[in-house]
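Visitor: I would love a close look at one part of this protein. Could you walk me through a helix and its surroundings?

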Amino acid sequence: MATKQEAVRQRIQFAFNADSDSVVGCVFQYLLKDQHFSSREGKRKGVDAIVAFYKPFAYQAQADVSEDELQTIARDAVEALCRQIDLLCSTFGIERPAAIAHDVKTEIKQMLSELLIAELVRVHPEIPGLSSVDTIPNVLPPTDMDINEEINCDIDALLGDLCSSAEAAA
């Protein structure tokens, strides 16, 4: 027997008409008639792409969602959009936008720097001021090679396929 909540299920009908020779029409034809997936799967792909971008905004408009929940939703959306970007880049042989690639590499380098500092503090607690520095060059004596050059490694080679889950976006 169906519960009362199931009996009052509300659905939203979303219909959109486009000229077949327009950009939107071209995209809809691809999603509905591509030989690699069914029209149902194509519709799902289209909805997933829309939701990946607009979900954080939709939940922000609701009063009962906390700031922490919104940040989690937004972070998940960014990850989904990054997978879509990765798929576009790998499919069409283009480089990832520099701003996105730079931000990820910068964050990884910052994290590696912080881990290195933490390890230095653990191994050499006698170095004054080591635990309060933001970057390693501030506490180490000058050398012929900047310490950041030693940390500056090929992040892509280091991480391999860890960050490229383009297939997941398809």
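Guide: Here is a tour of helix α3, starting with its helix partner and ending at the largest pocket. Please keep in mind that this is a predicted model. Helix α3 covers residues 39-60, and helix α4 covers residues 67-92. Their axes come within 9 Å and cross at roughly 160°. Angles over 145 degrees count as roughly antiparallel, so α3 is roughly antiparallel to α4. The crossing in which α3 passes α4 is left-handed.

Which residues make the contact? On the α3 side they are Asp48, Ala49, Ala52, Phe53, Lys55, Pro56, Tyr59 and Gln60. From α4 come Leu70, Ile73, Ala74, Ala77, Ala80, Leu81 and Gln84. Sorted by class, the residues of this contact are 11 nonpolar, two polar and two charged.

Now let us turn to the largest pocket, whose volume is about 1,600 Å³. It is lined by 37 residues, and those closest to its centre are Gly42, Lys43, Lys45, Gly46 and Val47. Helix α3 provides the largest share of the lining, 12 residues. At least two lining residues each are supplied by α2 (23-33), α3, α4 and α8 (166-169). That brings back the pair we began with: α3 and α4 contact each other, and both contribute to the lining of the largest pocket. By class, this lining has 23 nonpolar, six polar and eight charged residues.

Methods: Residues numbered from 1 in each chain as written. Predicted model: local features only at pLDDT ≥ 70, side-chain atom pairs only at ≥ 80, totals over all residues. Heavy atoms only, no water. Axes fitted to C-alpha atoms, helices over the stretch in contact; angles between N-to-C directions. Helix = DSSP H or I, 4+ residues; strand = E, 2+ residues; numbered from the N terminus. Parallel < 35°, antiparallel > 145°, perpendicular 65-115°, else oblique. Left-handed = near helix turned anticlockwise from the far one by under 90°. Contact = heavy atoms within 4.5 Å. Nonpolar A, V, L, I, M, F, W, Y, C, P; charged D, E, K, R; others polar. 1 Å grid on protein atoms, 1.4 Å probe; cavity = no way out; pocket = protein on both sides within 12 Å on 5 of 7 lines; lining within 4 Å. Points joined across faces, edges and corners; volume = space filled by probe spheres on them.
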